[in-house]
Amino acid sequence: MKFPCRLDKFVSHLAELPRSKARAAIKRQAATVNGEVVTAFDFQVKQQDEIMFEGEQLVFLGKRYYMLNKPVGYVCANSDELHRTVFDLLDEPNMADFHVAGRLDIDTTGLVIITNDGDWSHKITSPKNNKFKTYLVETQEPITDESLEQLRVGVQLHNEKDLTRPAKAERLANFGLRLSICEGKYHQVKRMLAAVDNKVVELHREQIAGIKLDENLASGEYRQLTVEEVKL
Ligand code: URA
């Protein structure tokens, strides 16, 4: 939410009401700004204003950042007709203008960051900023030295013009590797493994830029990012 902000938008967002209901209530004098009744929907609210609505103060909570340990079966979308979404796992007020910074597939687990700070999420997800995302990958076929080297140098994905950018690839087991990439193409890790004649069996994200998935979060749990993590 950006300030100044229209009163009807502010009330609708913070009281979680459709805009039409917020307007009707404002018209019947349910809102005050700094102690004065205001009935104009387009009154411009400033961040420091004290807004009361139906006897309760509406407080804008500002920029918020959450990390979630995403389970299988949830989609990274604000709403979905068929599947549960990661937002179903967050019990927080006023989530209407939140988004996922760097989505995961429905069958991928691990670190998802959810925020209402678009500039910040652009910084950590834009390939221009060279921020690595790290995945643990379990594969169907054994991981060869040659495929590790190809992943590091760059592979040709189907329907893409350029090779993938140089990645970090480390073998963890015969069928497991840690892969860090600084792009976010559609299904990128699965397509990279397909490009070296392998197949992803399980995929888990453990880190985005300097932010590591908190190992105390069980699958489906979340917490706010710390101030230090936001700065990372
Ligand atoms: N790459 C994929 O293929 N899937 C994900 O969920 C994330 C990266």
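These are my notebook entries on the ligand and the residues around it.

**Ground rules.** I'm working with a predicted model, where local features need pLDDT of at least 70, side-chain atom pairs count only at pLDDT 80 or more, and totals for chains, interfaces and linings use all residues. Residues are numbered from 1 along each chain as its sequence is written, and side-chain values use heavy atoms, with hydrogens and water left out.

**Domains.** I looked up how the chain is divided and got domain 1 (5-58), domain 2 (61-129 + 214-232) and domain 3 (132-208); the bounds come from an automatic or database domain assignment. The C-alpha centres of domain 1 and domain 3 are 50 Å apart.

**Who surrounds the ligand?** I listed Leu 104, Asp 105, Thr 108, Tyr 135, His 187, Gln 188, Val 189, Lys 190 and Leu 203, where being near takes a heavy atom within 4 Å. This shell splits into 4 nonpolar, 3 polar and 2 charged residues; Tyr counts as nonpolar in this scheme, and Gly as polar. Helix H5 (residues 188-195) gives the largest share, 3 residues; helices here are DSSP runs (H or I, at least four residues) numbered from the N terminus.

**Why is the ligand between two domains?** Domain 2 and domain 3 both give residues to its shell, so the ligand lies between them.

**Polar contacts.** I checked for pairs of N or O atoms within 3.5 Å. A backbone N or O atom of His 187 is 3.2 Å from a ligand oxygen. For Gln 188, a backbone N or O atom is 3.5 Å from a ligand oxygen. A polar backbone atom of Lys 190 lies 3.1 Å from an oxygen of the ligand.

**Cover.** The protein covers 95% of the 240 Å² of accessible area the ligand has on its own (Shrake-Rupley method, 1.4 Å probe).

How values were computed
A polar contact is a pair of N or O atoms within 3.5 Å; within protein, one must be able to donate a hydrogen and the other to accept it, and residues adjacent in sequence count only if both atoms are side-chain atoms. Helices (H or I, at least four residues) and strands (E, at least two) are DSSP runs, numbered from the N terminus.
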